[in-house]
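Good morning, and thank you for coming. Please take a moment with the sequence and the coordinates before I begin.

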Amino acid sequence: MGRRGHKKQKAFRRAKVDAIRKARSEKQQGQDGQTPVDGDNTVSNDRPRTNQYEDIVKENALLEKYYKTMNLVPEDEWDAFLAALKEPLPVTFRVTGFRSHAFAVMHLIREQYFRALESSTAIEKPKELVWYPGGLAWQLNLSRNQLRSFPELQRLKEFLYEQTEHGNISRQEAVSMIPPLVLDIQPHHKILDMCAAPGSKTAQIIECLHRDESNPIPSGFVIANDVDNKRCYTLVHQVKRLESPCFAIINHDASNLPNLKFQDGNISFDRILCDVPCSGDGTLRKNPDLWKKWNPGHAFSLQSIQLRIATRGIQLLAPGGLMVYSTCSMNPIENECVVAQLLQTFEGHISLVDISDKLPGLKTKAGLTKWCVIAKNHEVYHSFAEVPANMQSLARPSMFPPSDDILERLHLERCIRLLPHHQNTGAFFVALFRKHDKVADTPSTTQEESSQKRPAEEMTFNEETANFKRARYHRENPFIFFDEKDINGFWREISEFFGVDPSFPADQLMTRIAADSGRNIYFVSDSLKQIVTSNKDRIKFINMGLRLFVRTDLRNDKDKRSLRLCQEGIAIINKYFSKRRIEIEESDLLLLLAHTHTSFSALSQSVQKQLENISSDLGSVICSYLVKLQDLEVPVVFVSWRGRNSFRPFVSHSSRKFYFSLCNVDQATINTIIEKLIIDEKSNNNNIKKDEDAS
């Protein structure tokens, strides 16, 4: 870089520093009671706060003409449909269903948060999503801006955020909850999520897999795939909250997903979620910038990849299995058109399942049997014969409805559409396929004319090409499972220390480096272990299972005390680990949660007696307490560290708040305790850093 370039960089840095200093100065003035003034001598606080989307004109003549021409909604509903699209989307959430304290969470929400809103006339009351099982999904008919603006909603907003981190709650759009529900997932199912990120549906699938909480290791599993490497790590954060040993995240192109070897063959999945990338005009309510960006070319360009992904899904589906195809698009080119091509391509092997009455209380519209294609020039085409020559490379024959005799066999009316004005949601499309028998990698030909057929070679899965594409960016650390040497040596001492039940499958423990020096030790189900060991050189695994141990900073790395139990694995720990456990009282629970360290002498006599029966070795201890909440019993189990003279609970702030709420501690007291904890933790970290610098 020349001198001129360096001068420009210095000037840019000076300008950036000046801007930061000015912002800090104005902020300080505001805190001191002075009103910051801008360069035009206009009082900044007099300017109304505006949302970045307020200036967007929510109109698109091409979109409106297209959907009105094809009668997407009845004529008498058009105005309501269009008006709903221009309104902000309500806030929706669901309580994690497989937790034993799910109903306790719902009880807290009703008693401590919803009841406070009943007296307000300015806020619409929370509304239960009646079609969601168990009464665990709710809708607040408020925009996100309103949720931030009303003081009486601040506590609810904070609670939702904290419990999302804890794993008790998932913030998810209402229509997005539907695909996993119609799959009827059971704990023994082998499940594939083909385009999983960001992971709200994947998390919902994992919940269904763990519906029997008495068995923390179901025989089924979830393989969550996404083509985008960065989005895979977003997915990790989403599903880790659920603390399951039965999921794996992989990074591949879903349309060319390699076969997964399993038990001397390839996996055929019992359930597949095929929520494909789409143009997304069903999300106009939460993405208003789509109003000015929408054009028919988006659907034209996406349809082929959507069809390839769905085709690969059918190939991977087991006979008798179910695959749901879904999009957040209203465009039939991405919806019924793709479904029709799949049904014709695999004719006799798959069929649509009628799901219109599968979720009672959900208002749906039947799939379309007639649609049209629109071009950027606003011309509407009802058949391929009407398409001019210069447009035929975009508007292809397969994008138009099949003939009437074919339509009659396809039963496209079994698909469902969700429309925004029916139940104040986004727009969505769902189709459920059932596979009747095994389909070869090269499917049977369609009954469309030859110009509409997909060449057989395009439909054939080429595994060598998939492996070649994957190998170019495969950089993940391997997953190394405990071998017989680790189990009989390294693990035996740990097992005796914690009283691990002999039935615990230690061969399902793994690290990312050598077992006796790995920073973290993970646990996965037996099925996932078989999948990893059979496919480690073929599949790019990103993450899987749950963390059971983390190594501490004790001097002797191979000492049993150097491994600390992780709260993430508490369901497994609670079932198989019998030693170093104490039953605490409510006073002990409140005391431990309120401090970073609690001395033994401050705990109840009952706990002190139990400590006498536990070895004096430093290390993890499992604390448990049963909270009785009206007619509910909620077990609270967490990991603490036993020091020389004190306990330190390893519980997140969000979990502490939840446990305090279960014990009827008021919100103001909880906030004060957490603020003090944050200060104490920062002070401890600073002291540790000073000691390290001094040494």
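Which residues lie nearest the centre of the second largest pocket? They are Ala 197, Pro 198, Lys 201, Arg 231 and Asp 275, from a lining of 41 residues. Before going further, I should say that this is a predicted model, in which local features need pLDDT of at least 70, side-chain atom pairs count only at pLDDT 80 or more, and totals for chains, interfaces and linings use all residues. Residues are numbered from 1 along each chain as its sequence is written, and side-chain values use heavy atoms, with hydrogens and water left out.

A pocket here is an open set of points on a 1 Å grid over the protein atoms alone, where a 1.4 Å probe fits, with protein on both sides within 12 Å along at least five of seven lines; lining residues have an atom within 4 Å of a point. The volume of the second largest pocket is about 970 Å³, counted as the space filled by probe spheres set on points joined across faces, edges and corners.

Where does this pocket lie? Domain 1 (90-171) and domain 2 (174-365 + 410-435) both contribute to the lining, so the pocket lies between them; the bounds come from an automatic or database domain assignment. Strand 1 (91-95), helix 8 (200-209), helix 9 (229-240), strand 8 (269-275) and helix 11 (297-316) each supply at least two lining residues. Helices (H or I, at least four residues) and strands (E, at least two) are DSSP runs, numbered from the N terminus. By character, the lining divides into 20 nonpolar, 11 polar and 10 charged residues, where Ala, Val, Leu, Ile, Met, Phe, Trp, Tyr, Cys and Pro count as nonpolar, Asp, Glu, Lys and Arg as charged, and the others, Gly among them, as polar.

Two of the central residues deserve a further remark. Ala 197 and Pro 198 are joined by a cis peptide bond, with omega about 5 degrees, and Pro 198 sits in the loop between strand 5 (190-193) and helix 8.

I turn now to the sheets, in which two strands pair if DSSP finds at least two bridges between them. One open sheet of five strands has the order 16-17-18-20-21 and antiparallel pairing. Its edge strands, each pairing on one side only, are strand 16 (480-481) and strand 21 (563-565). Within this sheet, four bridges link strand 18 (residues 520-523) with strand 20 (residues 546-551), and Ile 521 stands opposite Phe 549.
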